[in-house]
Amino acid sequence: KETEEVFKVKKSSYSKKIVKQLKKEYKEDLEKSKVRTEASSPTDVEPPLEKAGLIKDINQEDGTANSEQGEEEMEVESEKEEEKPKAGGAFSSALSSLNVLRPGEIPDAAFIHAARKKRQMARELGDFTPVDSEPGKSRLVREDENDASDDEDDDEKRRIVFTVKEKSQRQKIAEEIGIEGSDDEALGAGEQDEELSRWEQEQIRKGINIPQACIYFQPAEVNNLYYQNTYQTLSYGSSYGIPYTYAAYGSSEAKSQKTDNTVPFKTPSNEMTPVTIDLVKKQLKDRLDSMKELHKANRQQYAKHQQSREDSTKAIERLEGSSGGIGEQYKFLQEMRGYVQDLLECFSEKVPLINELESAMHQLYKQRASRLVQRRQDDIKDESSEFSSHSNKALMAPNLDSFGRDRALYQEQVKRRTAEREARRARRRQAREQTGKMADHLEGLSSDDEETSTDITNFNMERDRILKESSKVFEDVLESFYSIDCIKSQFEAWRSKYFVSYKDAYIGLCLPKLFNPLIRLQLLIWTPLEGKCRDFETMLWFESLLFYGCEEQEQEKDDADISLLPTIVERVVLPKLTVISENIWDPFSTTQTSRMVAMVQKLVDGYPSVVNAENKNTQMLLKALLLRMRRTLDDDVFMPLYPKNVLENKNSGPYLFFQRQFWSSVKLLGNFLQWCGILSNKTLQELSIDGLLNRYILMAFQNSEYGDDSIKKAQSVIACFPKQWFANLKGDKTISQLENFCRYLVHLADTIYRNSIGCSDVEKRNARENIKQIIKLLASIRALDHAVAVANDHNVKELKILIEGK
């Protein structure tokens, strides 16, 4: 019988090392089978198995595997050999003695030898056709060895899965009708199509990389064989869910084995749950509910998107509408930035010039004031030396020689000063006579602040020069950088257009400092001590800034522009008044003191920032006033002491000098007390009462004669005291600083009473009237205890009337 050998190896996931090991094992099994067959087979059987087609193909496979690396599949075609029938012999007996192979059993040498002889006979008879060109022939496909350098000693051992390939339907029919294997050529045309279709399917499976490895060993008269591999792999067709069988061709026994070894494909069950109307309705309802929920969610999402779209549209419109304003604002602020920078650069150059001019003007006024004060002090020294009981020509200037001065020159200067002093007094006396004030005038009440024509001329020339220099400060500058109106208009435009940025930039706090140099330049010759001095509230800068920031709409409480003028007054006017008080103001001058007090009182009443106790500028002003008053008290007050016999002659020089110094001290007392309400009572009482009244004036009272003149002087002193000092006193005692003065009045009343004893009634009546007048003076300063004591001592019954009349 014809024996058809089909070996087929398909591409799988086996590694090259596993394939090599399998080949090695397979060769060893073949060698063992060869030894057993040679020992038991007849001698006429050809022993060399190397010439058998199967072993040759395997050897060829080993030789070509190392040379052809990289091929994914290599097919070794098995040829169909048709042996002509033999009459008998060892070959026939070998073929007939072949037993059916069991699953897992390797073919023995006899079986392989028979197959080899059949192939050899077919080649000799010329009936051999290559497997590639003949349809219906099987091919051996195996995985190519791509890596020839793999380790040959790998211990992993795998076994190739052998499966029996099913015969085609045509072959089955041919066997049933008795067609021999040699007549398969008659079926060539049909089998070729079937083999071609099978080959295409195999190629498709290779292309999709389905791991599979099967070897179909299909003998003609042998039952189905199946060698199970210990390595668990996917069997052929398992990935596709199709059944696989072990086919056998020829005998009925083989067919029975095929039926037994077949793994049937389980047909899926077609049983379904019976469909009812309620089930359909339920499903439709559930689907409707889910669609409604989805529709509701979509509507909410749609509404959300619509709202977002509307918000975005509004934002775009708003931003587009405000973009133009922002651009204009940016442009305006950039222009203001450049303007302010230029203005500050201008001021950085001009402010030092303004400071120099202001200092020069202050120095000019200071020199004049110092000259007048020094002249008054020299006159007092000259008169004191002239009328001193210890003075003579030799002792006129005893200390001059120690300094190297000429005594004769000093005497000449004294004579010149005396002549100038008497000339000034004569001019003042003449002026009083012309005005009719001669009778009420007392020597010493005049300030003696007259200047010579030379001093006046020099002063005016220097002042004019400073004014001329001040007019040239901004002559090389545009008006928009030194005119207060122009500068103000720039910031007013900023305030009216973009108030938020104006406020954020703190312009209201910067404007006083910005206007400071320009205002100080206008106040260069402003001196409130002079009668012709212009009020600062009538100046151009004040009128220009008066209504700055005052708009029709309601203003914020913390708007700094509301306090622009008070801040300027605090930072410009107060420092200037401080300099004037310290260097120019003369406390002996009643006129200057009255003007100074009026100016400060005006600031206190009209500008709240001036009254603030924490204001540093106000504190500096008050401190300057006190320092100037103390300096005057220490340096300018002088009270001469003469014997009573010297003062008896009222036309003598010492008497006139004494009276002049007394009344100048009383005038100074009145000037000090004009600051009541501005300076504290404690400070004023310390200066006026302790420093002036008790120290100098009371000493003059004690040296004066007791009579009408003393009462008149006492009335003048008490008239200087502020009435608010005594308005809130409780009890019968006056303030403690006036106790010495009260005791002097009590002593004066006693002295008048004693002097009236033994005199005429007229003198006694005058003395009694003087005593009553003293009681009234004591009552006016709330010294009721002393007033009652004087009234009781001198039997004055009109005490109540005198106290109430005051």
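User: What relative accessible area does His747 have?
Analyst: This is a predicted model, where local features need pLDDT of at least 70, side-chain atom pairs count only at pLDDT 80 or more, and totals for chains, interfaces and linings use all residues. Residues are numbered from 1 along each chain as its sequence is written, and side-chain values use heavy atoms, with hydrogens and water left out. His747 sits in helix H24 (residues 739–756); helices (H or I, at least four residues) and strands (E, at least two) are DSSP runs, numbered from the N terminus. Buried means under 20% relative accessible area, exposed over 50% and partly exposed in between, with a 1.4 Å probe and protein chains only, so His747 is partly exposed at 36%.

User: Which residues does His747 contact, leaving aside neighbours within four places in sequence?
Analyst: Contact here means heavy atoms within 4.5 Å. One partner, Tyr706, is 41 residues away in sequence, with 9.7 Å between the two C-alpha atoms. With neighbours within four places set aside, His747 touches Tyr706 and Arg754.

User: Tyr753 is in H24 too. Which residues does Tyr753 meet beyond four places in sequence?
Analyst: Tyr753 is partly exposed, given its relative accessible area of 40%. Its C-alpha lies 9.0 Å from that of Asn770, 17 residues apart along the chain. Leaving out neighbours within four places, the contacts of Tyr753 are Ile771 and His794.

User: How far apart in space are the C-alpha atoms of Ser716 and Trp663?
Analyst: Ser716 belongs to helix H22 (residues 708–720), and it's partly exposed with a relative accessible area of 22%. Setting aside neighbours within four places, Ser716 contacts Trp663 and Val666. Ser716 and Trp663 are 53 residues apart in sequence, and their C-alpha separation is 9.3 Å.

User: Which helix gives the most to the largest nonpolar core?
Analyst: A nonpolar core is a set of buried Ala, Val, Leu, Ile, Met, Phe, Trp, Tyr and Cys residues joined through side-chain atoms within 4.5 Å. The largest one here has 128 residues, and those with the most contacts inside it are Phe491, Phe536, Trp541, Leu603, Trp675, Phe721 and Phe741. With twelve residues, the top contributor to this core is helix H8 (residues 277–387), so the name you want is H8.

User: What does Trp675 touch, not counting residues up to four places away?
Analyst: Trp675 is among the residues with the most contacts inside that core. Its partners, beyond four places in sequence, are Trp585, Thr593, Met596, Val597, Val600, Leu625, Met629 and Leu684.

User: Are helices H11 and H13 roughly parallel or roughly antiparallel?
Analyst: The axes are lines fitted to C-alpha atoms, for helices over the stretch in contact, and angles run from 0 to 180 degrees between N-to-C directions. H11 (residues 484–497) and H13 (residues 507–522) have axes that come within 11 Å and cross at roughly 170°. Angles under 35 degrees count as roughly parallel, over 145 as roughly antiparallel, 65 to 115 as roughly perpendicular and the rest as oblique. That makes the pair roughly antiparallel.

User: And how do the residues of the H11 and H13 contact divide by type?
Analyst: H11 brings Ile484, Ile487, Lys488, Phe491 and Trp494, while H13 brings Ile507, Leu511, Leu514, Phe515, Leu518, Ile519 and Gln522. Ala, Val, Leu, Ile, Met, Phe, Trp, Tyr, Cys and Pro count as nonpolar, Asp, Glu, Lys and Arg as charged, and the others, Gly among them, as polar. The split is ten nonpolar, one polar and one charged.

User: How many charged residues are in the contact of H18 with H21?
Analyst: H18 (residues 616–635) and H21 (residues 681–703) pack at about 5° with axes 11 Å apart, and are therefore roughly parallel. H18 supplies Leu626, Met629, Arg630, Leu633 and Asp634, facing Thr683, Leu684, Glu686, Leu687, Gly691, Leu692, Arg695 and Tyr696 of H21. Of these, seven are nonpolar and two polar, and the charged ones number four.

User: What is the phi of Tyr506 near?
Analyst: Tyr506 lies in the loop between helix H12 (499–504) and H13, and counts as exposed at 55% relative accessibility. Most residues other than glycine have a negative phi. Tyr506 isn't a glycine, yet its phi is positive, near 55°.
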